[in-house]
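Look at the sequence and the model below before reading on. The paragraphs after it go from the whole protein to single residues.

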Amino acid sequence: MTTQENGVRSNRVLVAGGVLAGIGGLLGCAGALLVSSALVSASRRWVRQLDPPPSAMAKVKWQQARAATTAGARAWRDGPSS
């Protein structure tokens with residue numbers, strides 16, 4: 001076997017390894033896409049099942065925070081009520 005044949009054989013193994021690595025990468029990307037799609041679908045179903053929607057809960061919490069801020073500012077401005 002000559003040195004040239006060893007070089008050709010090494011190149012073939014290198015190319016085959018590269019092709020297999022590329023195929024593995026594509027399969028990995030496809031799997032990640034499927035998993036993320038399933039997670040998004042499941043989270044959408046979960047949000048739809050919540051009693052009050054998240055937007056309504058956020059609105060209530062915002063109103064509570066505003067009322068607490070107003071009460072705190074009024075108490076600070078008026079001073080102690082003794």
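How much area does the protein expose, and what share of it do carbon and sulfur atoms supply? In this predicted model, the exposed area is about 7,400 Å², and carbon and sulfur atoms supply 66% of it. Of the 82 residues in the protein, 0% are buried. A residue counts as buried when its relative accessible area is under 20%.

The protein contains 2 helices and 0 strands. Helix 1 runs over residues 3-49, and L27 is found there. L27 also helps to make a nonpolar surface patch of about 500 Å², together with V15, V19, L20 and I23. Is L27 buried or exposed? L27 counts as exposed because its relative accessibility is 61%, and the cut-off for exposed is over 50%.

Helix 2 covers residues 54-78, which is 25 residues. At 1.5 Å a residue, helix 2 should span 36 Å. The C-alpha atoms at its ends are 36 Å apart, so the expected span and the distance in the model agree. Just after helix 2 comes G79, which takes a positive phi of about 80°.

Methods: Residues numbered from 1 in each chain as written. Predicted model: local features only at pLDDT ≥ 70, side-chain atom pairs only at ≥ 80, totals over all residues. Heavy atoms only, no water. Patch = residues over 30% accessible without salt bridge, like charges linked within 9 Å, V, L, I, M, F, W, Y side chains within 5 Å. Areas by Shrake-Rupley, 256 points an atom, 1.4 Å probe, with all protein chains shown as cover. Salt bridge = Lys/Arg side-chain N within 4 Å of Asp/Glu carboxyl O. Helix = DSSP H or I, 4+ residues; strand = E, 2+ residues; numbered from the N terminus. Buried < 20%, exposed > 50% of the residue type's maximum accessible area, 1.4 Å probe, protein only. Expected span 1.5 Å × (residues − 1).
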